[in-house]
Amino acid sequence: MPLTKQKRLEEFELIRWIQQQAGNGAHLALGIGDDCSIQPQQPDRDLLTSIDLLIEDIHFKREWSNMFDLGRKSAAVNISDIAAMGGTPQSVFLGIGRPKTIDDTEIKEFLSGFLAEIKTYGAVLTGGDSCGSPGPLMISVTVQGEVPTGDAICRQGASYGDAIYVSGSLGDSALALHQLQHGRQPDAYLKQRFHTPTPRVALGQELSKRHLATAMLDVSDGLIADLGHILAASNVGAELNLDAIPLSAAFKRLLDDDSALIDFALAGGEDYELVFTSPLKDLDQHINLPLAVTRIGSISQQPGLHIRQTNGEPYHCRRGGFDHFS
Ligand SMILES: Nc1ncnc2c1ncn2[C@@H]1O[C@H](COP(=O)(O)OP(=O)(O)OP(=O)(O)O)[C@@H](O)[C@H]1O
Ligand SMILES: Cc1ncc(C[n+]2csc(CCOP(=O)(O)O)c2C)c(N)n1
Ligand SMILES: [Mg+2]
């Protein structure tokens with residue numbers, strides 16, 4: 001259906017508003033407004049690029065979140081991929097498929113949250129695309145970052161004897177989601193962990209700059225599934241200590257009443273914490289950041305992922321990791 005003149009004006013007005021809000025990046029020769037942005041290349045840097053989609057009713061429900069927080073989360077989960085390589089985010093590209101039910105105020109709220117989040121990490125909105133959607137709200141985010149040549153931390157470098165670490169705590173986000181899905185209101189802390197996760201950019205940068213980690217990724221689909229990617233890429237196995245999995249006070253309070261909830265920490269997903277391996281056994285002593293880093297196990301020669309309880313018995317998690325196609 002051809003767009004009316006008035007509708008097109010609205011579309012470009014919104015893009016002009018986005019352009020004004022986005023500002024200019026010092027690393028760019030040209031940002032929003034032309035057919036492409038232009039970024040001069042640095043000879044001693046590797047360019048990191050990642051894309052992720054967020055689709056209404058798959059990744060979020062509009063009734064659970066406000067549009068500002070949804071904007072923040074859309075940015076954060078993508079910036080988390082740059083953090084997971086140890087890089088510095090720079091340019092972000094935003095695609096929006098917008099249903100008619102979202103008005104200008106809501107879309108501006110979304111963009112304000114998105115821009116506030118990327119600004120926190122020094123990144124700039126550099127381009128994107130906007131169109132109508134006959135169905136759900138669809139968000140596509142591409143993020144680019146940089147790392148000194150050769151310093152990016154990949155999934156493939158883990159070797160036998162390395163210790164396995166995780167930042168922050170696990171399971172909060174999945175527990176909040178579980179409560180929302182069952183019509184309950186999570187407490188403020190758990191809610192915040194689900195709606196506005198924090199990409200661990202400073203930790204990733206520290207690990208890459210000081211060459212402290214051999215393999216790394218961010219936990220989006222759940223610890224077991226995502227650590228499994230490191231094991232497959234590195235061709236090794238792992239032993240995890242169940243009691244070492246870091247849990248928040250809010251999570252522990254609920255775990256006291258229902259010990260089965262531990263599976264949300266092992267396989268829930270959307271933690272956006274960093275899981276990494278290192279030959280150092282006391283890595284927490286080497287990092288001076290206001291973020292806990294916990295040793296949860298070690299890389300073994302025996303293939304597969306084995307979880308042990310304190311009494312030495314194996315633990316079998318009853319949840320699978322998140323899989324879009326299962
Ligand atoms: N449709 C696709 N076309 C090309 N490459 C893809 C496609 N889907 C995924 N990939 C690539 O597969 C790899 C793994 O993607 P995946 O989405 O599982 O990882 P991730 O983005 O780190 O995790 P998550 O999406 O759960 O945050 C990435 O290199 C990604 O670019
Ligand atoms: C409404 C609603 N239902 C379910 C979930 C849970 N969820 C969706 S995608 C995903 C994995 C990460 O995504 P990706 O692999 O695409 O990066 C998880 C755990 C949610 N957030 N909202
Ligand atoms: Mg992905």
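How do the residues of the shell around ligand 1 divide into nonpolar, polar and charged? The shell holds no nonpolar residue, 1 polar residue and 3 charged ones. In this classification Ala, Val, Leu, Ile, Met, Phe, Trp, Tyr, Cys and Pro count as nonpolar, Asp, Glu, Lys and Arg as charged, and the others, Gly among them, as polar. The residues around ligand 1 are Asp52, Asp81, Ser220 and Asp221, where a residue is taken as near a molecule if its C-beta atom, placed from the backbone, lies within 6 Å of it.

The model described here is predicted: local features need pLDDT of at least 70, side-chain atom pairs count only at pLDDT 80 or more, and totals for chains, interfaces and linings use all residues. Residues are numbered from 1 along each chain as its sequence is written, while chains are lettered from A and ligands numbered from 1 in the order in which they are written.

The protein chain is assigned domain 1 (5–148) and domain 2 (163–315), with bounds that come from an automatic or database domain assignment. Taken over C-alpha atoms, the centres of domain 1 and domain 2 are separated by 27 Å. Across the boundary, 19 residues of domain 1 are in contact with 18 residues of domain 2; contact requires that the C-beta atoms of two residues, placed from the backbone, lie within 7 Å. On the side of domain 1 that touches domain 2, the elements giving two or more residues are α2 (67–83) and β2 (88–98). Helix α2 supplies the largest share of that side, with 9 residues. By type, the side of domain 1 that touches domain 2 comprises 10 nonpolar, 5 polar and 4 charged residues. Helices (H or I, at least four residues) and strands (E, at least two) are DSSP runs, numbered from the N terminus.

Two of the residues around ligand 1 also appear in a database record. In an unreviewed entry, UniProt lists Asp52 and Asp81 under "binding site"; its positions are given in the numbering used here, feature names are shortened, and annotations may be inferred rather than shown by experiment. Asp52 and Asp81 span 30 residues in sequence, yet no two of their C-alpha atoms are more than 9.3 Å apart, so they gather at one spot. Asp52 is found in strand β1 (residues 45–55), whereas Asp81 lies in helix α2. A residue is called buried if 20 or more other C-beta atoms lie within 10 Å of its own, exposed if 12 or fewer, and partly exposed in between, with C-beta atoms placed from the backbone. Asp52 counts as partly exposed because it has 16 C-beta neighbours inside 10 Å. Asp81, with 24 other C-beta atoms within 10 Å, is buried. Leaving out residues up to four places away in sequence, Asp52 touches Val77, Asn78 and Val141, and Asp81 touches Ser50, Val143 and Asp218.

Attention now turns to ligand 2. Its surroundings include Asp52, His59, Lys61, Leu177, Ser220, Asp221, Glu270 and Phe322. The shell around ligand 2 divides into 4 nonpolar, 3 polar and 5 charged residues. Because domain 1 (5–148) and domain 2 (163–315) both give residues to this shell, ligand 2 lies between them. One member of the shell, Glu270, sits in the loop between α9 and β8 (274–278). Glu270 is buried, since it has 20 C-beta neighbours inside 10 Å, and its phi is near 60 degrees, a positive value in a residue other than glycine. Tyr272 lies in the loop between α9 and β8 as well, and has a positive phi near 55 degrees. With 24 C-beta neighbours inside 10 Å, Tyr272 counts as buried.

What lies inside the protein? The largest nonpolar core, a set of buried Ala, Val, Leu, Ile, Met, Phe, Trp, Tyr and Cys residues joined through C-beta atoms within 7 Å, has 80 residues. Helix α2 gives the largest share of this core, 9 residues. Domain 1 (5–148) and domain 2 (163–315) both contribute to the core, so it lies between them. Among the residues with the most contacts inside the core are Ile79, Met216 and Phe276. Leaving aside neighbours within four places in sequence, Phe276 is in contact with Ile153, Tyr165, Leu207, Ala213, Ala215 and Met216.
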